[in-house]
Amino acid sequence: MNTKGSITLGINGFGRIGKLSLWHHAARKYFDTIVINVGREVGKSFQDIIHYLERDTTYGRLDSFLYGYQARPVISDVDEASASLNINGVKVKILKNHRNPKDIEWAQYNAKIVIDTTGQFLDPSLGADAAKGSIRGHIEAGAQKVIASAPFKLKEGVAMPEDAVTTVMGINDGDYNPIMHHLISNASCTTTCLSHMIKPLLDYFGVERLLSASMATVHAATGSQQVLDRLPKTGAKDLRKNRSIMNNIILTTTGAAKALQLVIPEMSTIGFIAESVRIPTATGSLIILVMNFQEELNKKPIRRDLINSIYENTEKANTNGYLMYTDKQNVSSDIIGTPRAAAVIEGHETHTRTGAININLEHVRGIDKSILDMIKDQVTSIQVTQAVIYGWYDNEMASYVNILGDRTVSIAEAMH
């Protein structure tokens, strides 16, 4: 039987999520050894990698992250010849030779679990020998389980392979079958927050009372955006991706609605719209969720106090810390680094409005015309309450990387 730390963790890619995942696991110390595939030479020496990994513009220095004002040196045993070092007692090995997953030396270093943070290998239907690489290549290279730090992307009409699954911790992590599933998507930061905002309401009211829903995420900048305006690439369709994120609010897209159906299947029956805008901040994002509920006859209408109490009770009932409720008035920087919170509900801004919607039964599908002819007034009225809920999330470390870390450790424990 495996024990704590006996499984080596592999991380492919060393961008935002890759580096912060290293920070998380250096603090957590579940894995004794972490192997990071950078896939290329960095700077002029091995010290340049250390310079990069020990400091971060958003979250500060690694030693302060680990120990606060009592910070002390946490990097030791640096060996440039073997590209290895020790961080807070965790052995770290850097690989620089290969970028195609099937060629990475996971087997040599016994990396049984790999987190792919590159965002490049997201189609689980591709074979390990795909020309530009595939997430399955990690399996061929020696990994047993691969976790993608982004939603899977399948071509239109292609079914999800049986050995692939999408999960969000605290929502449907139980869907992961350690015998069947070898490719696991941890969804996205937005889907993670959104699912924790929606699930408590669905559990309380039932999906049958939810008429429609929509969301907009006011999202911090990501690494795919430009610092200054740039000429679009050949064939580019979205010209806004080439505009400066430092100076603009930029309309973009999100796959949160599609991914949400994978973790909360009931939402596939609901008309759901998801929109996204990017803003000039480094991290700290906000979902504005709008849900329309059908009221029940002879019962009090849904009000903000009820909505807020549902979230408060959910937080109290769950010890995982993934949902937080607050009556405080926050701004985005207040959320940065909030431990473990997938969503922070700002109850102060919850709003509800109840009104009547008139429906012409003649235009409702499924009603027999002979029955309609018997109804004198074919226009009926239903009471609908629209609820607006605000949910904060630190789209990098707190909301996403910490929960990605929980997913990784839970998979490792299932391998025991």
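**Exercise 1. Cysteines 189 and 193**

Task: In this predicted model, find how far the sulfur of Cys-189 is from the closest cysteine sulfur, and decide what this says about a bond.

Solution: Begin with Cys-189, whose sulfur has its closest cysteine sulfur in Cys-193, at 8.7 Å. A disulfide requires two cysteine sulfur atoms within 2.5 Å, and the 8.7 Å between Cys-189 and Cys-193 is therefore too far for a bond. Looking from the other side, the sulfur of Cys-193 has its closest cysteine sulfur in Cys-189, again at 8.7 Å and again too far for a bond. The count for the structure as a whole is zero disulfides. As a last step, consider accessibility: Cys-189 counts as buried at 14%, and Cys-193 is buried too, with a relative accessible area of 0%.

**Exercise 2. How two helices pack**

Task: Describe the packing of helix H5 and helix H7 by the angle and the distance between their axes, and then say which residues of H5 and H7 meet.

Solution: Two packed helices are described by the angle between their axes and the distance between the axes. For H5 (residues 189–205) and H7 (residues 304–317), the angle is about 105° and the axes lie 10 Å apart. Angles of 65 to 115 degrees count as roughly perpendicular, and H5 is therefore roughly perpendicular to H7. The contact of H5 with H7 comprises nine nonpolar residues, two polar residues and no charged ones. On the H5 side these residues are His-196, Met-197, Pro-200, Leu-201, Tyr-204 and Phe-205, and they meet Leu-306, Ile-307, Ile-310, Tyr-311 and Thr-314 of H7.

**Exercise 3. A tyrosine in H7**

Task: Establish whether Tyr-311 is buried or exposed, and list what Tyr-311 touches beyond four places in sequence.

Solution: Tyr-311 lies in helix H7, and its relative accessibility of 0% makes it buried. Once residues up to four places away in sequence are set aside, Tyr-311 touches His-196, Met-197, Pro-200 and Leu-201, and also Leu-323, Tyr-325, Ile-345 and Ile-389. Leu-201 is 110 residues from Tyr-311 along the chain, yet the C-alpha atoms of the two are separated by 8.2 Å.

**Exercise 4. Checking the span of two helices**

Task: Compare the expected span of helix H9 with the separation of its end C-alpha atoms, and do likewise for helix H1.

Solution: The expected span is 1.5 Å times one less than the number of residues. Helix H9 covers residues 397–414, and its 18 residues should span 26 Å, which agrees with the 24 Å between its end C-alpha atoms. Of those 18 residues 15 are buried, so H9 is largely enclosed by the rest of the structure. Helix H1 covers residues 16–28, and its 13 residues should span 18 Å, in agreement with end C-alpha atoms that are 18 Å apart. Ten of the 13 residues of H1 are buried, so H1 too is largely enclosed by the rest of the structure; among them are Ile-17, Leu-20, Trp-23 and His-24. After H1 comes Lys-29, with a positive phi near 60°.

**Exercise 5. Positive phi in Asp-77 and Ala-83**

Task: Locate Asp-77 and Ala-83, and state whether Asp-77 and Ala-83 are buried or exposed.

Solution: Asp-77 belongs to strand S5, residues 75–79, and although it is not a glycine its phi is positive, near 50°. Its relative accessible area of 57% makes Asp-77 exposed. Ala-83 is in the loop between S5 and strand S6 (84–87), and its phi, about 55°, is likewise positive in a residue that is not a glycine. With a relative accessible area of 5%, Ala-83 is buried.

**Exercise 6. Two loop residues**

Task: Determine where Glu-105 is found and where Met-246 is found, and then examine the contacts of Glu-105 and of Met-246.

Solution: Glu-105 is in the loop that runs between strand S7 (90–95) and strand S8 (111–116), and it is buried, at 16% relative accessible area. Beyond its neighbours within four places in sequence, Glu-105 contacts Leu-95, Asn-97 and His-98. Met-246 is in the loop between strand S12 (210–220) and strand S13 (250–252), and it is exposed, at 53%. With its neighbours within four places left aside, Met-246 is in contact with Val-227 and Pro-280. To finish, take a residue 73 places along the chain from each: the C-alpha atom of Glu-105 is separated from that of Pro-178 by 23 Å, and the C-alpha atom of Met-246 from that of Thr-319 by 38 Å.

Definitions and conventions: Residues numbered from 1 in each chain as written. Predicted model: local features only at pLDDT ≥ 70, side-chain atom pairs only at ≥ 80, totals over all residues. Heavy atoms only, no water. Helix = DSSP H or I, 4+ residues; strand = E, 2+ residues; numbered from the N terminus. Buried < 20%, exposed > 50% of the residue type's maximum accessible area, 1.4 Å probe, protein only. Contact = heavy atoms within 4.5 Å. Axes fitted to C-alpha atoms, helices over the stretch in contact; angles between N-to-C directions. Parallel < 35°, antiparallel > 145°, perpendicular 65-115°, else oblique. Nonpolar A, V, L, I, M, F, W, Y, C, P; charged D, E, K, R; others polar.
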